Amino acid sequence: MKGEPSCPRCGGRVRAPGLFSETWECEIHGAVPPLQPVVPPSVEALDAVVRRSRVPVWLPWPLPVGWLYTGVAHAGDDRGGSRAVAVACTGPAPLGGRGELVLVAEEVGVGLGARYAGLPGHDPGGDFVKSAPAKLMAAGRPTPLWCVTDSPADRAVYAGEAMGLWLWAILWPCKAGHLVYDDVVLTDLRDAGAELQLLPCGALSPQLLDR
C-alpha cells in the first residue's frame, strides 16, 4: 500500500497544490483528484469516506449471504471531497468458489473505474455488449449495466450510469460476473445511517491495491 496520494488513472505520483497550481498534478495526466492511500477495512474508515463523498458510495445491502465488506478507495481531497469511490466486497460466487466485486462511482473523466477494469483511458468507451444488460436496483431505481467486452480475461466488467455518474461493477474471476444478474440491490451508503455499524468486514481486497 502506498502511504501518499497517487494518480487515480495510472498510480503515479502526484504533486500537491502549491504556489503555481491550485490542483493536484500527475506528470502524465495533468490535473487529477488524488487517490488516497488504501487503509484496512473498518466501519470507521468507511464512514469517514462516506461523510466526505460527493458521489454515491455503492454497496449491495444487505450483503449477499456469506459476503463481507473488504475495503474502500477514494479519489479527492479535504477541500473538494471525494469525486470517485470504489468499494470492495467478497464472498461465494454464483458458480462456485470465491468472488470479488469492486463497485465504482465516479464523475466523468476521473478514471478510477477504468483503472480497476484494466482499460486504457478514463471512461468505459463504446465497446459494450448492447443486448440483455444486467439490471441492478441502485438507490431504488432500475439501473442497466452493460458488459464491457475489451476488458482483461481475468475479470468481468460492467458499466452504466446511476444518478448522473458512472457506475462500474468489476468482478473477479470472470465467471463471478453472473452475480450482477442475481437481483442485486445497491444502496448508497450516504443514506445508510446507523445500519452502517452492522457491516461485516473481511480482510483487505488485493484488487484495491496498486494495479
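Is Arg51 buried or exposed? In this predicted model, Arg51 is exposed, with a relative accessible area of 62%. The legends below begin with this residue and its partner.

**Figure 1. Asp47 and Arg51 form a salt bridge within helix 1.** The closest N and O atoms of Asp47 and Arg51 are 3.0 Å apart. The two residues are separated by about one helical turn, because they stand four residues apart in helix 1, which covers residues 43-52. Asp47 is partly exposed, its relative accessible area being 24%, whereas Arg51 is exposed at 62%. Side chains of opposite charge can pair when their charged atoms come close. The structure holds seven salt bridges, and further examples appear in the next two figures.

**Figure 2. A salt bridge between Arg52 and Asp78 links distant parts of the chain.** The closest N and O atoms of this pair are 2.8 Å apart. Arg52 belongs to helix 1, while Asp78 lies in the loop between strand 5 (68-77) and strand 6 (81-92), 26 residues apart from Arg52. Arg52 counts as partly exposed, at 25% relative accessibility. Asp78, in contrast, counts as exposed, at 71%.

**Figure 3. Asp154 and Arg155 meet in a salt bridge, and a network joins Arg54, Arg83 and Glu107.** The side chains of Arg155 and Asp154 come to 2.8 Å, N to O. Arg155 is buried, with a relative accessible area of 9%, whereas Asp154 counts as partly exposed, at 38%. Elsewhere, salt bridges connect Arg54, Arg83 and Glu107 in a network.

**Figure 4. Strand 5 and strand 6 form a hairpin.** Three residues lie between the two strands of this hairpin. Strand 5 and strand 6 run antiparallel and are joined by nine bridges. Ala75 stands opposite Ala84, a residue of strand 6. Strand 5 is largely enclosed by the rest of the structure, because nine of its 10 residues are buried.

**Figure 5. Trp58 is one of the residues that touch the most other members of the largest nonpolar core.** This core has 40 residues, and those touching the most other members are Leu46, Trp58, Leu59, Leu101, Leu186, Leu189 and Leu199. Several elements give two or more residues to the core, including helix 1, strand 4 (58-60), strand 7 (98-106) and strand 8 (128-138). Apart from this core lies another, of 22 residues, among them Val38, Ala73, Ala88 and Val148. Leaving aside residues up to four places away in sequence, the contacts of Trp58 include Val87, Leu103, Ala138, Met163, Leu167 and Leu186. In soluble globular proteins, nonpolar side chains tend to be buried together.

**Figure 6. Strands 1, 2 and 3 make an open sheet.** The three strands stand in the order 1-2-3, with antiparallel pairing. Strand 1 (14-15) and strand 3 (30-31) are at the edges, and each has a single partner strand, so one side of each is left without a neighbour in the sheet. Strand 1 is joined by two bridges to strand 2, which comprises residues 25-26. Arg15 has Glu25 of strand 2 as its bridge partner.

**Figure 7. The largest pocket holds about 200 Å³ of space.** Of the 14 residues that line this pocket, Val32, Pro33, Asp77, Arg79 and Arg83 are the closest to its centre. The elements that give two or more residues to the lining are strand 5 and strand 6, the two strands of the hairpin in Figure 4. Arg83 is also part of the salt-bridge network with Arg54 and Glu107.

**Figure 8. The largest cavity holds about 40 Å³ of space.** The count comes to one cavity of 30 Å³ or more. Among the residues that line the largest cavity are Pro60, Leu136, Ala169, Leu179, Val180 and Val184. Leu101 and Leu186 also line this cavity, and both are among the residues that touch the most other members of the largest nonpolar core.

**Figure 9. Arg115 in helix 2 and Arg9 are brought together in one view.** Helix 2 covers residues 112-117 and includes Arg115. Arg115 counts as buried, at 10% relative accessibility. Arg9 and Arg115 are 106 residues apart along the chain, and their C-alpha atoms are separated by 5.7 Å.

Conventions. Residues are numbered from 1 along each chain as its sequence is written. This is a predicted model: local features need pLDDT of at least 70, side-chain atom pairs count only at pLDDT 80 or more; totals for chains, interfaces and linings use all residues. Side-chain values use heavy atoms; hydrogens and water are left out. A salt bridge is a side-chain nitrogen of Lys or Arg within 4 Å of a carboxyl oxygen of Asp or Glu. Buried means under 20% relative accessible area, exposed over 50%, partly exposed in between (1.4 Å probe, protein chains only). A nonpolar core is a set of buried Ala, Val, Leu, Ile, Met, Phe, Trp, Tyr and Cys residues joined through side-chain atoms within 4.5 Å. Contact means heavy atoms within 4.5 Å. Two strands pair if DSSP finds at least two bridges between them. On a 1 Å grid over the protein atoms alone, a cavity is a set of points where a 1.4 Å probe fits but cannot get out, and a pocket is an open set with protein on both sides within 12 Å along at least five of seven lines; lining residues have an atom within 4 Å of a point. Grid points are joined across faces, edges and corners, and a volume is the space filled by probe spheres set on the points.
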